[in-house]
Amino acid sequence: MAAASASMAVTAALLPPRATAAVVRAARLPSLPYLPPQSSSPSGKLSTASRRFASIKIKASSSDESATIDANELFTDLKEKWDAVENKSTIILYGGGAIVAVWLSSVVVGAVNSVPLLPKLMELVGLGYTGWFVYRYLLFTSSRKELAADIETIKKKIAGTE
């Protein structure tokens, strides 16, 4: 402790007063690297970017009444919808399965991310597929109509109307 105090005293004597406080702070936290203090502009004026953004002021307000949500109304709506469900065990099973699937997919993505070249390869595959999809379905009018028809048939299958 005495050696640290002595080195801070020597540092304080050698450095200008403005830098001394930063060095003393850095000496107290040995795990952090020393960063020299930022020098201010010689004229003391604000830079053009800081002057430009100094005039911008954002004020948050809660006067929008459409954003207010009544918690009791929300809970009663949810309770009514839950009571209307006939097969509650299936909903709970699907919800639990969805949570497990999200967790498992995050584990798989983390494992793939740790392999050195695999993330870049997957990015290239994704870009290639995106390019193919744009060319196949979005570039021409006839293919866009075909895509819209395919989406409508999938919607009908999900809704159970087909």
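Okay, a definition to start: by salt bridge I mean a side-chain nitrogen of Lys or Arg within 4 Å of a carboxyl oxygen of Asp or Glu. Searching the whole structure with that rule turns up three salt bridges.

Some housekeeping before we go through them. This is a predicted model, so local features need pLDDT of at least 70 and side-chain atom pairs count only at pLDDT 80 or more, while totals for chains, interfaces and linings use all residues. Residues are numbered from 1 along each chain as its sequence is written, and side-chain values use heavy atoms, with hydrogens and water left out.

Right, the overall layout. The protein chain has seven helices and zero strands. Reading from the N terminus, the order is simply α-α-α-α-α-α-α. Those elements are DSSP runs numbered from the N terminus, helices being H or I with at least four residues and strands being E with at least two.

Now, how much of this is covered up? Of the 162 residues in the protein chain, 5% count as buried. Buried here means under 20% relative accessible area, exposed means over 50%, and partly exposed is in between, with a 1.4 Å probe and protein chains only. The protein chain exposes about 14400 Å², and 67% of that comes from carbon and sulfur atoms. Areas are from the Shrake-Rupley method with a 1.4 Å probe, and for residues only the protein chains shown count as cover.

Back to the salt bridges. Let's take Asp83 and Lys79, where the closest N and O atoms are 3.4 Å apart. They sit four residues apart in helix α4, so about one helical turn separates them. Asp83 is partly exposed at 47% relative accessibility, and Lys79 counts as exposed at 53%.

Then there's Lys155 with Glu152, at 3.5 Å, N to O. This pair is in helix α7, three residues apart, so again the separation is about one helical turn. Glu152 is partly exposed, with a relative accessible area of 39%.

And then Glu146 with Arg136, at 3.0 Å, N to O. That pair links distant parts of the chain: Glu146 is in helix α7 (residues 141–159) and Arg136 is in helix α6, 10 residues apart. Glu146 is partly exposed at 34%, and Arg136 is partly exposed at 30%.

Stay in that region for a moment and look at Tyr137. Buried or exposed, where does Tyr137 fall? Its relative accessibility is 16%, so Tyr137 counts as buried. Tyr137 belongs to helix α6, residues 118–138. Leaving out residues up to four places away in sequence, Tyr137 touches Trp132, Ser143, Arg144, Glu146 and Leu147; contact means heavy atoms within 4.5 Å. So we meet Glu146 again there, as one of the residues that Tyr137 touches. For Tyr137 and Leu147, the C-alpha to C-alpha distance is 6.2 Å, with their positions 10 residues apart in sequence.

Leu139 is in the loop between α6 and α7. Using that same sequence exclusion, Leu139 touches Val134 and Arg144. Leu139 is partly exposed, at 47% relative accessibility.

Last topic, surface patches. The recipe: take residues with over 30% relative accessible area and no salt bridge, then join like charges within 9 Å, and nonpolar side chains (Val, Leu, Ile, Met, Phe, Trp, Tyr) within 5 Å. For charges, Lys and Arg are positive, Asp and Glu are negative, and His and the chain ends are not counted. A charge is placed at NZ of Lys, CZ of Arg, CG of Asp or CD of Glu.

Which residues gather in a patch of negative charge on the surface? That would be Asp70, Glu73, Asp77 and Glu80. Glu73 is in helix α4, residues 71–84, and is partly exposed with a relative accessible area of 47%.

There's also a nonpolar surface patch of about 490 Å², made by Val100, Trp103, Leu104, Val107 and Val108. Trp103 lies in helix α5, residues 88–114. At 56% relative accessibility, Trp103 counts as exposed.
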